[in-house]
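Biologist: I am new to this one, so could you walk me through it at an easy pace? I would like to hear the reasoning behind each term you use.

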Amino acid sequence: MTSPALTRRAFLPAGLALGSLAAGGAAAQNAPAALATAPVSQINLSPRLTMHAIDTHNGSPGAAMKVQLSMHDGTEYRVLRRFETNRGGRTDEPLLVDQSYQPGRYELLLQVEDYFAARGTALPKPNFLAQVPVRFLIANPAERIHLAILFTPWGYSYYRGS
């Protein structure tokens with residue numbers, strides 16, 4: 001006896017039917033709970049620059065990452081501030097906000113090698129990445145920019161969020 005072919009079209013109605021049955025049954029008891037707290041709304045916040053360091057090697061926030069924020073002055077990058085990320089891999093306050101949030105070319109310099117060394121991660125000597133530069137442009141100071149930076153000892157990527 002052969003079983004019928006399982007196609008998406010055949011599976012979809014079955015899945016919908018099972019889902020409606022489960023709404024009041026045992027599956028509903030195992031469903032994820034609703035969020036305990038809602039995400040923080042950014043409505044009515046002034047334009048700002050924020051960042052989030054995400055350690056994809058360990059699957060955790062990049063807590064206690066040493067970072068340097070610089071602005072290009074036409075010839076070189078000039079350091080505006082140095083800071084360390086909080087437990088969530090973010091900063092407690094925006095990096096730039098209000099009068100400090102100006103158009104221009106900027107760089108975040110993350111101390112990746114120091115970060116992994118502080119966690120006891122076995123790294124080659126010298127490590128493949130010591131520092132990670134993230135260069136970006138603020139063109140419109142009326143827009144909010146959030147930089148999510150994902151990193152490992154061997155690579156990184158980043159993207160602009162809002």
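**Strands, rings and a core**

Modeller: Happily! Five bridges join S3 to S6, and these two strands run antiparallel. Please keep in mind that this is a predicted model.

Biologist: What makes S3 and S6 a pair?

Modeller: A pair needs at least two bridges, and S3 and S6 are joined by five, so they count as paired. One bridge sets Ser70 against its partner Glu107 in S6. Glu107 also stands opposite Arg135 in S7.

Biologist: How do you know that S6 pairs with S7 as well?

Modeller: By the requirement of at least two bridges: seven bridges join S6, residues 104–110, to S7, and the two run antiparallel. Leu108 has Val134 as its bridge partner in S7, while the partner of Leu110 is Val132.

Biologist: Which order do the strands of the sheet follow?

Modeller: The order is S4-S3-S6-S7, an open sheet of four strands with antiparallel pairing. On average, neighbouring strands of this sheet are turned by 20° against each other, direction ignored.

Biologist: Why are S4 and S7 called edge strands?

Modeller: Strand S4 (77–84) and strand S7 (132–138) each pair on one side only.

Biologist: How do the side chains along S7 point?

Modeller: They alternate. Val132, Val134, Phe136 and Ile138 point to one face and are buried, whereas Pro133, Arg135 and Leu137 point to the other and are not. As for S6, six of its seven residues are buried.

Biologist: Why is the aromatic pair of Tyr106 and Phe136 called stacked?

Modeller: Stacked applies to planes under 30 degrees apart, with centres within 6.5 Å. For Tyr106 and Phe136 the centres lie 5.9 Å apart and the angle between the planes is 15°, so the pair meets both limits. Tyr106 sits in strand S6 and Phe136 in strand S7, 30 residues apart, and the pair links distant parts of the chain.

Biologist: How do you know that Tyr106 is buried?

Modeller: Buried means under 20% relative accessible area. Tyr106 has 0%, so it is buried. Phe136 has 11%, so Phe136 is buried too.

Biologist: What makes the pair of Tyr115 and Phe116 edge-to-face?

Modeller: The limit is an angle over 60 degrees between the planes. In this pair the planes are at 80° and the ring centres 5.0 Å apart, so it is edge-to-face. Both Tyr115 and Phe116 are buried, and ring pairs link them with Phe151 into a cluster. The structure holds four aromatic pairs.

Biologist: Which residues have the most contacts inside the largest nonpolar core?

Modeller: Leu49, Leu108 and Leu110 do, in a core of 27 residues. Among the elements that give two or more residues to this core are strand S1 (48–55), helix H3 (112–118) and strand S8 (145–151). In soluble globular proteins, nonpolar side chains tend to be buried together.

Biologist: What does Leu108 touch?

Modeller: Leaving out residues up to four places away in sequence, Leu108 touches a list including Met51, Val67, Leu69, Phe83, Leu95, Phe136, Leu147 and Ile149. Its bridge partner Val134 is also one of the residues Leu108 touches.

Note on methods:
Residues are numbered from 1 along each chain as its sequence is written. This is a predicted model: local features need pLDDT of at least 70, side-chain atom pairs count only at pLDDT 80 or more; totals for chains, interfaces and linings use all residues. Side-chain values use heavy atoms; hydrogens and water are left out. Axes are lines fitted to C-alpha atoms, for helices over the stretch in contact, and angles run from 0 to 180 degrees between N-to-C directions. Rings of Phe, Tyr and Trp (its six-membered ring) pair if their centres lie within 6.5 Å; planes under 30 degrees apart count as stacked, over 60 as edge-to-face and the rest as tilted. Buried means under 20% relative accessible area, exposed over 50%, partly exposed in between (1.4 Å probe, protein chains only). A nonpolar core is a set of buried Ala, Val, Leu, Ile, Met, Phe, Trp, Tyr and Cys residues joined through side-chain atoms within 4.5 Å. Contact means heavy atoms within 4.5 Å.
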